[in-house]
Amino acid sequence: MSERKIPMRKCVGCMESKPKNSLVRIACYEGVVTVDLTGRAKGRGVYLCKDPECREKAKKRRALQRSFDAGLTQEDIDKIFQELADNE
C-alpha cells in the first residue's frame, strides 16, 4: 500500500510550509472575513500558525490585507485576530 500524502500549506506569518491540520484557515468570501475552523468555508483562504508569535508577525506585515485585497478595515482585522486568540 502507498502512504497517504499529507497536505502542506504555507503560513502567512512565518512563511513556513506546515501540515494543513496544524494551521488555522482564515477565509474571505464576498468581502466578509471569517476564521474557518472546519477548513471548508467558501472563498479565498489563507493559513496561519496557532502560535501567538506568528499571529503578531502576520499582523505587523499586514499579511491578511495583502492576501485578500478586499479593502479590509482595521476593525475587521482586529476582530479576526481576537477570535484567533480566543480559540487558542
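Here's a quick tour of this chain, from its overall layout down to its cysteines.

Okay, so first off, keep in mind that we're looking at a predicted model.

Let's start with the fold. You'll find five strands and three helices in the chain. If you trace along from the N terminus, the order goes β-β-β-β-β-α-α-α. The radius of gyration comes out at 13 Å, and the globule rule gives 12 Å for 88 residues, so the chain is as compact as a globular protein of that length. If you'd like a box to picture, the C-alpha atoms fill roughly 50 × 30 × 25 Å along the principal axes.

Now, inside and outside. Of the 88 residues, 34% are buried. The accessible surface is about 6300 Å², and carbon and sulfur atoms account for 47% of that. As for contacts, take the ones between residues at least 6 apart in sequence: 47% of those join residues at least 24 apart.

A word on charge, too. The chain carries 19 positive and 14 negative charges, and their mean positions sit 7 Å apart.

Right, on to the cysteines. How many disulfides does a search of the whole structure find? Zero. So why is C14 not bonded to C54? The closest cysteine sulfur to that of C14 is indeed the one in C54, but at 3.7 Å it's too far for a bond, because a disulfide here needs the two sulfurs within 2.5 Å. Then there's C28, whose sulfur has its closest cysteine sulfur in C11, 18 Å away, so that's too far as well. C28 also counts as buried, because its relative accessibility is 10%, and the cut-off for buried is under 20%.

Key: Residues numbered from 1 in each chain as written. Predicted model: local features only at pLDDT ≥ 70, side-chain atom pairs only at ≥ 80, totals over all residues. Heavy atoms only, no water. Helix = DSSP H or I, 4+ residues; strand = E, 2+ residues; numbered from the N terminus. Rg over C-alpha atoms; globule rule 2.2 N^0.38 Å. Buried < 20%, exposed > 50% of the residue type's maximum accessible area, 1.4 Å probe, protein only. Contact = heavy atoms within 4.5 Å. Areas by Shrake-Rupley, 256 points an atom, 1.4 Å probe, with all protein chains shown as cover. Lys, Arg positive; Asp, Glu negative; His and termini not counted. Charge placed at Lys NZ, Arg CZ, Asp CG, Glu CD.
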